[in-house]
Amino acid sequence: MGTGTIATEHMVSAIRSVGHEPRWVVSRNDDYARSFAEDMGIPRISTEAQQALADPAVNFVYVSAARARRGHYISAAAAAGKHVLCDGPLAAASSVVQTLVERCERSGVALCVNQPLRASTIHQTMGRLVLEGEIGTLRSLLIVRGVPFQSPAYRRSAELEEPVDLLLDVSAQDIDLARFLTGRDPIEVSALPVASGNGTRQQMVYAINLTGDVLFQAYESFTTAELDSIVMLVGDQGTLIAHGTLNGKISGTLVRRLGTRNELIPVRERDPYSTTVESFASPMRQSSPWLCRGEDCVMALRTVEALAAAERKRRIITV
């Protein structure tokens, strides 16, 4: 449902790679649906979600619509009893996502978020090594990512697209990754006031106190030359450092530093989109514990909202 760029570039092929076949394209615009179906080789199209959802051969729904439309499709799928995998964040406000989570729970359907950072083998390895005590007691997490600003790639004219707060997406991703890697939840947040350009935030610097006395710090920017992203987990006995895992590329490296010695940890990365679909779809109700679920999106957005308040009020905000 929806004809977004992620669906075009990644998810249709990912769905097929794990043995499933897309049967319907649903879009509010018949021309969009028709051209997407022709490009992707999908047999049926509709502008009405209910028509596709009534097909008994449809086992689950993947939503790649604009953020403002995702809730509509999720609600329709829940009413039809179909499990949902949706690009994140599921909405712009945590309260909206909470309503969607409750709606899916009442209908007995799974609501999961397409969060490729969780599907990264490197990130999963980092989380496992922390749990196994390989760097001692966890003290802090640092995330750094930056690229030059570019308008998002669209299959159609950008003039027809709704405006998107790119940093909302990035901050929600990084906060969710922090929770996934550490197993801790945000308590309070602080953020540096950042000047806006053309009405759009282009960089963000913030710190979050997590449960268990863990400090999470992040730098996110669309105003820099592209830099090699860093995810660093620091313990009282060592450090785990991942390079190049946040820029939409499969390749990346993981290094463990103990004392004065660096050790490269060999990790074979998999395509995160295929990994996500495989884990979500088979078997549907016993999906992998690393998957991002609707309630994880609620927590990430609540934290993003707290960051916005901290930036506006210039003080620490409790989540």
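In this predicted model, Arg314 counts as exposed because its relative accessibility is 65%, above the 50% cut-off. Arg314 lies in the loop that links α10 to β15 (317–318), and its phi is positive, at about 60°, although the residue is not a glycine. Asp213, likewise not a glycine, also has a positive phi of about 60°; Asp213 is located between β8 (203–210) and β9 (214–221), in the connecting loop, and with a relative accessibility of 69% it counts as exposed.

Helix α5 (residues 94–107) contains 14 residues, which at 1.5 Å a residue should span 20 Å, and the distance of 20 Å between its end C-alpha atoms agrees with this expectation. The buried residues of α5 are Ser94, Val97, Leu100, Val101 and Cys104; viewed down the helix axis, the buried residues fall within an arc of 120°, so they line one face of α5. The elements covering these buried residues include α4 (67–79), β5 (111–114) and α10 (294–313).

With α10, helix α5 packs at an angle of about 165°, the two axes being 8 Å apart, which means that α5 is roughly antiparallel to α10. The crossing of the two helices is left-handed, and the contacts between them involve Ser94, Val97, Gln98 and Val101 of α5, which meet residues of α10 including Gly294, Cys297, Val298 and Leu301.

Backbone features also occur on either side of α5. In the loop between β4 (83–87) and α5, where Pro89 is placed, the peptide bond joining Gly88 and Pro89 is cis, with an omega of about -5°, whereas Gly108, just after α5, adopts a positive phi of about 75°.

Conventions. Residues numbered from 1 in each chain as written. Predicted model: local features only at pLDDT ≥ 70, side-chain atom pairs only at ≥ 80, totals over all residues. Heavy atoms only, no water. Helix = DSSP H or I, 4+ residues; strand = E, 2+ residues; numbered from the N terminus. Expected span 1.5 Å × (residues − 1). Buried < 20%, exposed > 50% of the residue type's maximum accessible area, 1.4 Å probe, protein only. Arc of directions from axis to C-beta. Contact = heavy atoms within 4.5 Å. Axes fitted to C-alpha atoms, helices over the stretch in contact; angles between N-to-C directions. Parallel < 35°, antiparallel > 145°, perpendicular 65-115°, else oblique. Left-handed = near helix turned anticlockwise from the far one by under 90°.
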